[in-house]
Structures are given as C-alpha cells and as structure tokens.
Amino acid sequence: MPAAPDPGGVTPSLALPPEHPRRLVFLGSPAMAVPPLRGLVDAGFDVALVVSGADKRRGRGGSLTSTPVKAAALELGLPVTDRVDDALGMGADLGVVVAYGRLVRPHVLAVLPMVNLHFSLLPRWRGAAPVERAILAGDPETGVCLMQLEVTLDTGPVYRRATLAVGEHETAADLRARLVEVGTALLVDGLRSGLRDPEPQVGEATYAAKLEPAELQLDWSRPASELHRVVRLGEAWTTFRGHRLKVLAAEPAPTSGASLGPGEVAGTLVGTGHGVLELVEVQPEGRARQPAAAWRNGARPAAGERMGR
C-alpha cells in the first residue's frame with residue numbers, strides 16, 4: 001500500500017523502475033504473497049531483503065508468530081526485516097510489493113522505485129480488499145495488474161494486466177488462489193522481459209475498502225443472490241435461537257420454496273427478500289463445522305422459526 005504525502009510536507013519525485021531489474025527488495029506479509037516471492041527466487045532474481053510485518057502474539061499461549069512471507073523468506077535463507085527504511089542502502093534497483101498491507105513512505109519511493117502486484121483490473125477496486133469487493137459486486141470478471149507504485153493509492157501506470165472470469169459459485173479463497181498463480185507468472189515474466197511503456201489507468205475508479213465484520217452478517221431481507229456472494233467470502237454468519245451460526249457454504253435454491261419469509265427456516269432452506277438460500281455447510285457457535293443436513297437433524301427447526309434471531 002503506498003503512502004499518503006506527509007502532512008504539510010513536500011512529496012519528493014519518485015524514482016522510476018529500471019527496465020531490467022536484477023537486485024530486488026520484496027515487501028509482503030500474508031500467504032498470498034508467498035508464491036510471488038518464491039517465483040522470483042526460482043527465476044534467479046537476487047532478493048537482497050524481504051520486508052514483512054512484525055511478529056505478533058497469537059493464541060492462548062501468546063507465542064510469537066511470523067507472517068507467512070517471513071517464514072518463507074527464512075526458509076529460503078533470505079534476510080528479513082520489519083522496517084521499510086532498511087530497504088534503502090541494500091543496493092537493490094527495484095522493490096516488489098505484494099499484499100504488504102503497510103505504508104511505503106514517499107522518502108523511500110524517492111530513492112528505491114517499486115512495482116506492485118495488485119489483484120484487480122485497475123482502476124476498478126483500488127485498495128485493501130479488491131477480491132472480496134469484486135465478488136460482492138457480482139463482477140463477471142476481475143484480474144491482476146503489475147503497476148508502478150506511486151504515493152497515491154493504487155494509481156500508478158500499469159505494465160501488464162491479466163483478466164480472469166469470476167465463477168458464479170467461486171469462493172474468495174479459490175479466486176484468490178487463481179489470481180496469485182496468474183499474478184506470479186505475470187510478475188516474473190514482466191521483470192524478465194523488461195518494464196517498458198506502462199499505460200495510465202483508464203476508466204472509473206472504485207475503492208475496495210477493507211471488509212467490516214458487520215458486512216458479513218447475513219441480512220435475510222436481501223435477495224438470495226446477494227447473500228450467496230457474502231457466503232462465498234468465507235466468514236458469513238447469522239444467529240439462530242440467539243446463538244451465532246457461521247454459514248460456510250450455501251447455494252441459491254430453486255424457487256419452489258419461495259413462499260418462505262425472510263429468515264424463515266424449512267430444513268436446510270432459508271427464505272430471503274427474494275428467493276431461497278439452501279444451507280450446505282455451517283458451524284454452530286462453539287462447535288465444529290458440519291454439513292447443514294447434520295445441523296438440521298440436531299437442531300430440528302420448528303415450522304416458522306427464523307434465522308437472525
């Protein structure tokens with residue numbers, strides 16, 4: 001993520017990426033950034049340093065856990081830091097940013113040019129959650145762009161892009177995996193063949209804000225097709241008999257059950273504002289994930305009982 005200009009400061013001119021970079025600094029943190037890092041190493045690029053998020057305490061034991069990118073870098077024998085300024089002075093001629101999730105300040109970009117692998121068809125879905133926003137919006141296609149990193153958010157000119165169709169039933173995890181695979185090849189091929197003639201972004205820009213937990217709560221007054229998109233993100237939830245119920249998989253059902261009111265349960269079918277959603281896999285509060293049919297057999301919803309209560 002690029003940085004906003006320093007308040008009250010003057011944004012310095014940005015360094016431009018070389019046509020044929022060889023010595024790199026890699027910036028990334030989550031698992032989706034690991035394949036691009038491995039792809040660059042496998043392709044023979046000299047990765048001088050990896051910049052990743054700091055270790056965090058996780059779980060009940062509070063033990064420190066590294067980011068997936070840091071763990072991969074250490075496995076590859078690469079030096080790692082959590083300070084972006086350490087990228088300066090490494091003799092690198094390009095920084096490669098993939099899902100880094102932190103600011104790269106202008107004074108760094110003024111010295112070390114950077115490119116960013118972004119998982120959308122820019123300028124649509126600039127920002128933190130482009131894959132999730134594409135699914136929620138019902139976009140029939142999305143893609144991945146290799147662009148020059150600028151101070152402003154995801155505004156840089158694009159060196160290469162690839163377009164992928166979004167499957168009607170594809171989950172965010174599955175789509176993200178396909179984008180990472182295509183994006184890794186796009187990144188490696190782009191750096192190998194040369195960074196030339198980037199094209200300015202053209203079209204209406206949209207912003208992919210990070211998802212808020214409330215957006216994952218199923219509002220049964222909405223159409224089944226919209227709720228299906230929320231479920232495909234992987235963390236959808238509702239309540240039943242006052243307890244939280246995760247809906248891990250569901251499908252719009254045939255209209256034979258369309259007489260169900262919003263949230264009304266009939267077996268594994270739930271009424272919505274338009275159409276019916278069939279639960280496929282759920283996770284009741286404090287229990288393991290299970291097929292919706294098994295949950296139904298245990299819960300035995302009464303006639304007229306509703307989700308969301």
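How many residues of strand 6 are buried? In this predicted model, in which residues are numbered from 1 along each chain as its sequence is written, local features need pLDDT of at least 70, side-chain atom pairs count only at pLDDT 80 or more, and totals for chains, interfaces and linings use all residues. Side-chain values use heavy atoms, with hydrogens and water left out. Of the 5 residues of strand 6, 5 are buried, so the strand is largely enclosed by the rest of the structure. Here, buried denotes under 20% relative accessible area, exposed over 50%, and partly exposed the range in between (1.4 Å probe, protein chains only). Helices (H or I, at least four residues) and strands (E, at least two) are DSSP runs, numbered from the N terminus. Leu94, Val96 and Val98 point one way from strand 6, whereas Gly95 and Val97 point the other way.

Strand 6 belongs to an open sheet of 7 strands, arranged in the order 5-2-1-6-7-9-10 with mixed pairing. Strand 5 (80-81) and strand 10 (158-165) occupy the edges with a single partner strand each, so one side of each is left without a neighbour in the sheet. Two strands are taken to pair if DSSP finds at least two bridges between them. Strands of a sheet pair through backbone hydrogen bonds, either parallel or antiparallel. Strand 6 (residues 94-98) is joined in the parallel sense to strand 7 (residues 114-118) over 4 bridges. Within strand 7, Asn116 is the bridge partner of Val97, and Met114 is the bridge partner of Gly95. Strand 1 and strand 6 also run parallel, with 5 bridges between them; Val25 has Gly95 as its bridge partner in strand 6. Strand 1 pairs with strand 2 in the parallel sense over 5 bridges, and Leu27 has Val51 as its bridge partner in strand 2. Strand 2 (residues 46-51) is mostly covered, with 5 of its 6 residues buried.

Helix 5 (residues 172-193) lies across strand 1 (23-28), strand 6, strand 7, strand 9 (141-148) and strand 10, at about 35 degrees to strand 9. For such angles, axes are lines fitted to C-alpha atoms, for helices over the stretch in contact, and the values run from 0 to 180 degrees between N-to-C directions. A nonpolar core is defined as a set of buried Ala, Val, Leu, Ile, Met, Phe, Trp, Tyr and Cys residues joined through side-chain atoms within 4.5 Å. The largest such core has 62 residues, and those with the most contacts inside it are Phe26, Leu40, Val96, Phe119, Leu191 and Met307. Helix 5 supplies the largest share of this core, 8 residues. A second, separate core of 16 residues includes Val25, Leu49, Val97 and Leu109. With residues up to four places away in sequence not counted, Leu191 touches Pro21, Leu24, Leu40, Phe45, Leu94, Val96 and Leu146, contact meaning heavy atoms within 4.5 Å.

Helix 6 (residues 224-232) contains the buried residues Ala224, Leu227, His228, Val230, Val231 and Arg232. The buried residues of this helix pack against helix 4 (130-136), helix 5, strand 13 (243-253) and strand 16 (276-284). Gly234, which follows helix 6, has a positive phi near 105 degrees.

A search of the whole structure for aromatic pairs finds 1. Rings of Phe, Tyr and Trp (its six-membered ring) are paired if their centres lie within 6.5 Å; planes under 30 degrees apart count as stacked, over 60 as edge-to-face and the rest as tilted. Phe240 and Trp295 form an edge-to-face pair, at 5.3 Å centre to centre and with 75 degrees between the planes. Phe240 lies in strand 12 (residues 237-240) and Trp295 in helix 7 (residues 292-299), so the pair ties together parts that are 55 residues apart in sequence. Both Phe240 and Trp295 are buried. A charge sits over a ring if NZ of Lys or CZ of Arg is within 6 Å of the ring centre and within 35 degrees of the ring normal. The charged end of Arg244 sits over the ring of Trp237, 3.8 Å from its centre, while Arg22 lies over the face of Phe45, at 4.8 Å from the ring centre.

Two loop residues were also examined. Thr152, in the loop between strand 9 and strand 10, is partly exposed, with a relative accessible area of 42%. Glu199, in the loop between helix 5 and strand 11 (207-208), is exposed, with a relative accessible area of 57%. Apart from neighbours within four places in sequence, Glu199 is in contact with Pro157 and Val158.
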